[in-house]
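I opened this entry to record what I looked up in one structure. The notes are kept in the order that made the reading simplest.

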Amino acid sequence: MNLKGKSIVRFGEIQDLVKSYYPDADLDLLRHAYIYSAQVHQGQSRRSGEPYLVHPVAVAGILAQMRLDEASVATGLLHDTVEDTLTTVDTLEQDFGKDIALLVDGVTKISKIEFQSKEERHAENFRKMILAMSRDIRVLLVKLADRLHNMRTLDHMPREARQRIARETMEIYAPLAARLGIYWMWTELEDLAFRHLEPERYELIKTSLEESIKLKEVHVNNILRIIQEKLGQYTIEAVTKGRSKEIYSINRKMLAQNLEFDQIHDVIAFRIILISVNECYAVLGLIHSLWRPVPGRFKDYIAMPKANGYQSLHTTVIGPEGARIEIQIRTHEMDLIAEEGIAAHWSYKEGKAVEAEDAKVVNWLRQMMEWQQDMDDPREFFENVRVDLYPDEVYVFTPKGEVKEFPKGATPLDFAYSIHTEVGHRCVGARVNGKMVPLKYHLLTGDSVEIVTSAHQKPSKDWLKYVKTGRARVKIRHYVLAEERERSVEIGRAGVDRELKKWRIELNRAEREGEILKIAKEFSFKTETDLYASIGYGRISPKVLITRLVPPQEREKAKAALTEEKPVQKQISKAKSGVRVQGLTDILVNFAKCCNPLPGDAIRGFITRGRGVTIHKQDCENLLATDSNRIVDVSWDDEQNLSRLVGLSIDAENRSGLLAAISGVFSSNDSDIVQANVKTQDELKAHGIFMVSVRNLEHLTRIMNALRNVKGVEKVERMGTV
Ligand code: MN
C-alpha cells in the first residue's frame with residue numbers, strides 16, 4: 001500500500017480504518033480521545049487558518065494507515081495537548097490510562113529538543129538522543145507521523161522556519177525513518193524536505209522525471225506484459241509493477257556519481273511480487289533466461305538481508321531495445337517490510353497484535369539500533385515494547401545546544417574534561433537544567449549542562465572515583481602525579497638541606513658546584529630534581545649524600561661527639577599550616593578534601609607516600625578506612641592565626657535583598673567570600689554555594705548561626721572544598 005501524501009481529514013475515516021484492520025479495537029477510547037482533543041484545542045488554529053484539530057486528526061490518520069495499535073492512534077489525537085494546551089500528563093493518565101499518558105509525554109519531550117547545531121557531525125548524536133528518549137518505539141512512530149504531516153503542510157510557515165524544519169527533517173527525521181525501515185515515509189520526508197531546501201533543483205528533477213515517465217510508458221507496459229506472459233506459462237501468480245525512483249534519491253545518485261538526469265537509467269524499477277521464497281529464485285531464473293543479466297548487478301538480499309531487515313532479489317538485465325532494466329523480486333511479506341519497516345511488525349494482523357516472541361523483529365531491532373549488549377531473554381525486551389535503545393550511553397546538551405555523548409554514569413567532570421583540560425581542572429560543579437549539581441551527579445539523557453569553574457579549584461585523587469571517561473581519568477591522574485612529584489621534590493630538597501646543614505654544607509653552593517648533579521648521575525638520574533623527587537618519595541635517604549660529600553674520618557669524629565652529648569629533645573613543629581605533627585619536624589601538611597577540617601575540629605593525620613601528612617577530621621570515613629599504622633596524632637597550633645576556606649551551601653526563599661543580607665553576615669563576621677554561585681531555581685527558591693574564609697570551627701559556627709537568622713534562609717550546610 002502506498003501511503004505517500006495521503007492525509008486523512010475526518011475522524012470517521014480513522015474509525016473505519018482501525019475497525020477494518022482490528023475489529024476488536026476499543027473505538028470508545030478513540031472517540032474519547034477525539035472529543036477530548038477537539039475540546040482542548042478549541043479556538044486554536046493552524047497557520048493555514050484551519051482549525052488546529054485538523055493536525056492531530058491527520059497524525060492519527062497516518063498512524064491508522066500504518067495499521068498501528070489503538071494506543072498509538074489515540075496518542076496521535078492527543079500528541080499536542082500537553083505542549084499546546086493546559087492539559088497535563090496526570091490528566092491524561094486519569095482519563096486515558098498510563099500507557100497513553102507515557103506515550104504523549106514521550107512525544108512532548110522529543111518535541112522540546114531543538115536541533116540547533118549547524119554541523120552535520122552532530123546529527124547522528126541527535127538521532128541517537130531521540131532514539132534513546134523513545135523508550136517506547138511507538139513514541140518515535142507518533143513523532144515521525146507528526147513531522148510528516150507538518151512537512152506536508154509546511155508551505156504555510158514563514159520562510160526561515162521552513163528552512164529550519166526542512167533541514168531538521170533531512171538530517172534527523174528522514175534518517176530515523178530509514179533506520180526503522182519505513183521506506184515510504186523516509187522517501188516522502190526526503191522529497192518534501194528537498195523541495196523546501198532546494199526548490200529549483202527539486203522542480204528540475206521532478207519535471208524531467210515526469211517527462212521521462214510519459215515517454216517510457218509504452219516501453220514500461222511492454223516489459224510488464226512480457227514478464228506477465230512468461231510467468232503465465234509457468235502458472236506463477238504474481239503482482240508486477242513498474243515504479244519510478246523518488247526525486248531525492250535520483251538527486252542523490254546524480255550527485256554521488258556526478259551524472260546528468262539523462263544518464264540515470266534506472267529511474268523506473270520493476271518489481272515482481274510472489275507468494276513464496278522458492279518462487280522468487282525460480283522467477284529470477286526465468287528473467288535471466290528471458291534477458292541477459294548485467295554481470296555484477298545481481299544481489300541476493302533474501303539470503304543476506306540488509307541491516308534494517310530489507311529482503312529482496314535485485315538484478316539488472318539488458319531488456320528490449322538494449323535498455324538496462326532493474327528488477328526486484330520478493331514475496332508479499334518482504335514487500336510489506338520494505339515499504340513499512342518496523343511499523344509492519346507493530347501493526348495488527350488479522351485482528352491480533354504481533355506475537356511478542358517474534359524473533360525476527362527482535363533481531364531486526366537489535367541490528368538496527370546497533371544494540372550493543374547481549375540480552376538474556378529477547379522476550380523480556382519485547383514484553384512491554386519498552387526499550388532502552390542505548391542502555392550504556394547518555395546524551396546531553398552543551399549550552400550551545402550541541403549534543404555530547406557519554407557513557408552511563410558520567411559526571412560533570414567528564415563533561416568538563418571533554419571541553420578542555422583546564423575546564424576540567426577548575427570544575428567545581430555544574431548547572432544541570434538550571435540547577436546546581438555536585439561533581440558526583442550522574443548525567444541523564446536530555447540534561448542541559450553548563451560547567452561551573454573556579455580559579456581556586458584543582459583536581460584531587462578522589463575525582464578518579466567520579467569519572468567514567470578515559471580522557472578525564474588520564475588528565476586527572478596526570479595532574480595528581482605531577483603535583484605529587486612537585487611536592488616530593490620540595491620535601492626531598494628540604495630533607496637534603498636539613499641533612500647537609502648538620503655538616504655545615506650549604507645546599508645552594510653544592511648545587512652550584514655541580515656536586516649534587518654528580519651524585520644524581522651516580523644514581524642514574526638525569527637531574528638534581530629527579531634525585532630530590534626520589535628522596536621525597538622516600539625511596540632514597542638524604543643520608544646517602546652525606547656519605548659522598550663528607551670524608552669518612554669526619555663522619556667518625558662526629559659520631560663519637562654525638563654519643564657524648566645528651567639526646568636533643570624532640571622538636572614539635574610549628575608548621576605554617578597551623579597544625580602540629582608530633583615527633584616529626586617540618587612536615588608537609590595538607591588538608592583532606594573529603595572532610596576539610598577546620599581549627600577546632602577533632603583531627604588526626606595520615607602519613608601519605610611523599611605528600612606529607614594529610615589532616616582529616618577524626619571521624620572522617622575515608623580516614624577510618626585507611627591503614628591505621630599510618631595514622632598519627634596531630635593537634636591544632638593555637639598560636640597560628642591562619643584562615644581556611646570552607647564551602648557553605650545555602651537554600652533560601654527567593655526574595656529581593658537576600659544576597660545583600662547574606663554577604664552582610666560574612667562581612668560583619670570578618671569572613672571573606674572567595675567565590676559565590678547563586679542560582680534561582682524558580683520564582684520561589686534560591687540556592688547558593690559560597691566559598692568563604694574562616695579561622696576555626698567556632699568562627700564557622702557563629703557565621704552559620706547568623707546565616708540561619710537571615711530572613712528567608714531555610715538551610716545552611718557546611719561542605720567539603722569541592
Ligand atoms: Mn504536532
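The notes below go from the whole chain to the metal site, then to helix packing, the cores and single residues.

**Whole chain**

I noted at the outset that this is a predicted model. I looked up the secondary structure and found 29 helices and 21 strands in the chain. The chain has 722 residues, and 49% of them are buried. I then checked the contacts with a sequence separation of 6 or more: 66% of these join residues 24 or more positions apart.

**Manganese site**

Which residues coordinate the manganese ion? I found four: His55 and His79, each through NE2, and Asp80 and Asp146, each through OD. The distances run from 2.2 to 2.3 Å. Written along the chain, the donors have the spacing H-x23-H-D-x65-D. Of these donors, His55 sits in helix α3 (residues 54-65) and Asp146 in helix α9 (residues 137-152), so this pair ties together parts of the chain 91 residues apart in sequence.

Are His55 and Asp146 buried or exposed? I read a relative accessibility of 1% for His55, so His55 counts as buried. Asp146 has 4%, so Asp146 counts as buried too.

**Packing of α3 and α9**

I next looked up how the two helices carrying this pair of donors pack. General note: two packed helices are described by the angle between their axes and the distance between the axes. For α3 and α9 the angle is about 125 degrees and the axes are 9 Å apart. The cut-off for roughly perpendicular ends at 115 degrees and that for roughly antiparallel starts over 145, and α3 and α9 are therefore oblique to each other. Their crossing is right-handed.

I listed the residues that make the contact. From α3 they are Val54, His55, Ala58, Val59, Ile62 and Leu63. From α9 they are Leu141, Val142, Ala145, Asp146, Leu148, His149, Asn150 and Arg152. The metal donors His55 and Asp146 are thus also part of this helix contact.

**Packing of α12 and α14**

I looked up another helix pair. Helix α12 covers residues 199-233 and helix α14 residues 277-290; they pack at about 120 degrees with axes 11 Å apart. The two helices are therefore oblique to each other, and their crossing is right-handed. Ile226, Ile227, Lys230 and Leu231 of α12 meet Val283, Leu286, Ile287, Ser289 and Leu290 of α14.

**Nonpolar cores**

Which members of the largest nonpolar core touch the most other members? I found Met185, Ile272 and Ile329, in a core of 103 residues. I followed Met185 and left out residues up to four places away in sequence: Met185 touches Ile62, Met66, Leu144, Ala145, Leu148 and Ala177. Of these, Ile62, Ala145 and Leu148 are also listed in the contact between α3 and α9. There is a second, separate core of 22 residues, which includes Val437, Trp463, Ala472 and Val480.

**Val18**

I placed Val18 in helix α1 (residues 11-21). Its relative accessible area is 1%, so Val18 is buried. Not counting residues up to four places away, Val18 touches Ala25, Leu27, Leu30, Ala64 and Val73. For Val18 and Leu30 I noted 12 residues of separation in sequence and 9.6 Å between C-alpha atoms.

**Positive phi**

Where is Asn433, a residue other than glycine with a positive phi? I found Asn433 in the loop between β9 (427-432) and β10 (435-437). Its phi is near 50 degrees. At 47% relative accessibility Asn433 counts as partly exposed, because the cut-off for exposed is over 50%.

Ser524 is not a glycine either, and has a phi of about 65 degrees. I located Ser524 in the loop between α23 (515-522) and α24 (528-536). Ser524 is exposed, at 67% relative accessible area.

Gly341 follows just after α15 and has a positive phi of about 60 degrees. Within α15 (residues 332-340) I listed the buried residues as Met334, Asp335, Ile337, Ala338, Glu339 and Glu340.

**Glu554**

Last, I looked up Glu554, which lies in helix α26 (residues 552-564). Glu554 is partly exposed, with 42% relative accessibility. Trp503 is 51 residues from Glu554 in sequence, and their C-alpha atoms are 9.5 Å apart.

Terms used
Residues are numbered from 1 along each chain as its sequence is written. This is a predicted model: local features need pLDDT of at least 70, side-chain atom pairs count only at pLDDT 80 or more; totals for chains, interfaces and linings use all residues. Side-chain values use heavy atoms; hydrogens and water are left out. A nonpolar core is a set of buried Ala, Val, Leu, Ile, Met, Phe, Trp, Tyr and Cys residues joined through side-chain atoms within 4.5 Å. Buried means under 20% relative accessible area, exposed over 50%, partly exposed in between (1.4 Å probe, protein chains only). Contact means heavy atoms within 4.5 Å. Donors are N, O and S atoms within 2.8 Å of the metal (3.2 Å for Na, K and Ca); water is not among the atoms, so sites may look incomplete. Helices (H or I, at least four residues) and strands (E, at least two) are DSSP runs, numbered from the N terminus. Axes are lines fitted to C-alpha atoms, for helices over the stretch in contact, and angles run from 0 to 180 degrees between N-to-C directions. Angles under 35 degrees count as roughly parallel, over 145 as roughly antiparallel, 65 to 115 as roughly perpendicular and the rest as oblique. A crossing is left-handed if the near helix is turned anticlockwise from the far one by less than a right angle, and right-handed if clockwise.
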